[in-house]
Amino acid sequence: MSETEKLLQESLQQNTELLKRQNEFIKEIKQLNEQVAYLTNKLYGRHSEKIVNPNQMSLLDNSFTDPEQTGKQSEKISENEAQKVRKRHRTRSEIISKELPIEETIIMREKDCCEHGHQLVSVGKHFIRQVVHQIPGKLFVENIYEQTYKCIACENLDGCSHLYHGKAPQALIAHSIATPSLMAEILNQKYVLGTPLYRQLKEWQRAGILLSETTISNWVIKCAAIIKPLYELLHQKLIGQRFLQGDETPYEVLREPNKPASSKSYIWLIRSISRSNEPIVYYAYADTRSGKFAQKVYQKFTGILQCDGYAGYNLLGDSITRIGCWAHVRRKFYDDANKVHGHFKETRPLAILNEMFYLEKKWQKFSSNERLEVRLKKLKPLIDKFWQWCDQAETLPKSRLGKALTYAQNQRTALNQILNFGEIDLSNNASERNMKSYVIGRKNWLFSTSPNGAEANAIWMSLIESAKANGLTPFNYLQDIMAKISQLPAFVKNKDLEAYLPWNWQDESRTATHSRIAAEK
């Protein structure tokens with residue numbers, strides 16, 4: 001081989017390598033541009049994943065050879081449809097609860113005679129308007145005494161004093177001014193309204209009591225210890241159900257043993273499905289996201305669990321059937337469709353997923369058996385089309401679409417389990433909504449100082465969210481269970497706590513109000 005041919009061959013090899021590197025750079029630049037557009041859209045673009053498309057035709061009746069709909073086309077709504085979507089104004093009877101007490105004010109005439117001086121006789125009243133008043137809560141101090149008695153007859157018989165006294169109920173917290181009503185308001189402010197303890201101090205000072213953040217924090221932890229047996233009973237009842245949903249989120253605890261303050265802890269969520277007769281929302285604090293804690297918190301559970309694709313759930317074993325969340329899959333394909341400079345373009349897999357959720361919304365009120373039957377008939381062909389598209393798709397592994405495909409394929413078996421159970425929902429959004437309640441609180445109180453504080457947060461959030469799931473008023477529920485459970489023995493039995501479970505609890509104040517209104521009528 002001549003010297004010229006060698007140089008030519010080396011030049012060709014160099015050109016081949018350069019072209020190869022150029023293609024790699026082009027792919028990398030494409031991925032980086034896609035990531036920049038995605039993050040920019042996350043910062044400045046729309047955050048709702050809802051797609052308004054009431055005129056969407058069934059994907060079962062059309063092939064995918066037709067042009068894809070764009071975002072603008074999908075937002076076209078006929079006038080008739082727009083009139084149906086338009087919100088109806090609420091009447092006064094829908095705004096005001098029927099359970100609110102009603103007081104009547106009758107405006108009397110200043111003079112009891114007419115313009116000619118004749119005596120007036122009342123013949124009735126006519127309605128002018130209905131308004132609502134708000135009376136701010138008031139604090140008052142209660143000095144508790146025990147009446148003392150003595151028996152004079154016994155004293156005359158033996159010459160000794162025989163003294164007796166009434167028995168005061170046990171204090172909620174020993175040597176403390178805290179009462180169930182005061183604690184219920186503090187807890188309601190923190191966990192329901194999202195007002196952290198340090199922001200409550202000034203308001204309590206204006207109301208008439210000077211408290212410190214340390215004092216209130218200790219009250220919250222000590223009262224949580226009193227209620228903890230009910231919290232544990234909730235967990236037992238929850239694990240005994242057949243269908244559950246789960247999720248987890250990071251949380252920061254400053255003074256954890258053998259861990260830096262900036263390290264991550266976690267709040268685990270388990271809840272019953274929306275069709276459960278005994279709705280329960282349960283939060284658990286853990287210093288780790290390890291699957292070992294998943295084994296601990298799901299111990300003795302042998303049913304069906306719906307959760308995301310986190311690998312920690314793999315340690316739960318074969319005794320639990322896992323069902324995937326189609327909302328997580330849809331979210332990743334939505335991010336891919338919404339990636340190009342903030343312009344939304346509905347892709348084929350996203351169109352299939354949108355049709356699936358559209359149908360599921362129509363079947364929401366079906367019984368479990370009816371929903372399972374219609375899923376096998378109408379949802380299964382959509383799922384088959386979705387997997388067919390995924391199997392044939394070709395894309396860069398690190399692109400948004402590539403990541404969406406990888407996630408969906410890894411969850412394929414768990415996602416297909418939705419076709420075996422009509423009780424479970426298509427998505428795990430119910431648990432995410434409950435987790436959002438905790439996240440909103442976390443944004444306000446930021447962190448817990450100690451593991452005891454983090455556990456107290458989990459206990460109170462579990463009781464409050466479970467109360468809300470059962471249609472209860474959290475303040476009334478917390479006040480009553482603290483007042484009654486604090487009087488029970490130290491080692492209370494589960495049978496004594498059954499009455500305080502949210503679905504068994506009776507609001508005595510509401511019952512008394514209804515009885516009074518009925519008696520007045």
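These exercises work through a predicted model of one protein chain.

**Exercise 1. The whole chain**

Task: State how many helices and strands the chain has, and what share of its residues is buried.

Solution:
- Step 1. Count the elements. The chain holds 19 helices and seven strands.
- Step 2. Turn to burial. Of the 521 residues, 36% are buried.
- Step 3. Look at the surface. The chain exposes about 33700 Å². Carbon and sulfur atoms supply 52% of that area.
- Step 4. Check the contacts. Take those between residues at least 6 apart in sequence: 65% of them join residues at least 24 apart.

**Exercise 2. The sheet**

Task: Find the strand order of the five-stranded sheet, and say which strands lie at its edges.

Solution:
- Step 1. Read across the sheet. The order is β5-β4-β3-β6-β7. The sheet is open, and its pairing is mixed.
- Step 2. Find the edges. β5 (281–286) and β7 (321–323) each pair on one side only.
- Step 3. Note the twist. From one strand to the next, it averages 30°.
- Step 4. Zoom in on one pair. β3 (residues 243–252) and β6 (residues 304–306) run parallel, with three bridges. Glutamine 245 has glutamine 306 in β6 as its bridge partner.

**Exercise 3. Helices across the sheet**

Task: For helices α8 and α16, name the strands each lies across and give the angle to β5.

Solution:
- Step 1. Start with α8 (residues 213–239). This helix lies across β3, β4 (264–272) and β5. Its angle to β5 is about 115°.
- Step 2. Move to α16 (residues 451–469). That helix lies across β3 and β5. Its angle to β5 is about 170°.

**Exercise 4. Salt bridges**

Task: Describe the salt bridge between arginine 206 and glutamate 203, then the one between arginine 289 and glutamate 248.

Solution:
- Step 1. Get the total. The whole structure has 15 salt bridges.
- Step 2. Take arginine 206 and glutamate 203. Their side chains meet at 3.0 Å, N to O. The two residues are three apart in helix α7 (residues 197–207), so about one helical turn separates them. Arginine 206 is exposed, at 62% relative accessible area.
- Step 3. Take arginine 289 and glutamate 248. Their closest N and O atoms are 2.8 Å apart. This pair links distant parts of the chain, 41 residues apart. Arginine 289 sits in the loop between β5 and α9 (291–297), while glutamate 248 belongs to strand β3.
- Step 4. Sort the second pair by cover. Arginine 289 has a relative accessible area of 30%, so it counts as partly exposed. Glutamate 248 has 9%; the cut-off for buried is under 20%, so glutamate 248 is buried.
- Step 5. Add a network. Salt bridges link Glu360, Arg371, Arg375 and Asp425.

**Exercise 5. Helix α10**

Task: Check the span of helix α10 (residues 326–337) against its expected value, then decide whether the helix is mostly covered or mostly uncovered.

Solution:
- Step 1. Work out the expected span. The helix has twelve residues. The rule is 1.5 Å times one less than the number of residues. The expected span is therefore 16 Å.
- Step 2. Compare. The end C-alpha atoms of α10 are 16 Å apart, which agrees.
- Step 3. Test the cover. Ten of the twelve residues are buried, and α10 is mostly covered.
- Step 4. Name some of them. The buried residues include Trp326, His328, Phe333 and Tyr334. Charged names appear too, among them Arg330, Asp335 and Asp336.

Key:
Residues are numbered from 1 along each chain as its sequence is written. This is a predicted model: local features need pLDDT of at least 70, side-chain atom pairs count only at pLDDT 80 or more; totals for chains, interfaces and linings use all residues. Side-chain values use heavy atoms; hydrogens and water are left out. Helices (H or I, at least four residues) and strands (E, at least two) are DSSP runs, numbered from the N terminus. Buried means under 20% relative accessible area, exposed over 50%, partly exposed in between (1.4 Å probe, protein chains only). Contact means heavy atoms within 4.5 Å. Accessible areas come from the Shrake-Rupley method with a 1.4 Å probe; for residues, only the protein chains shown count as cover. Two strands pair if DSSP finds at least two bridges between them. Axes are lines fitted to C-alpha atoms, for helices over the stretch in contact, and angles run from 0 to 180 degrees between N-to-C directions. A salt bridge is a side-chain nitrogen of Lys or Arg within 4 Å of a carboxyl oxygen of Asp or Glu.
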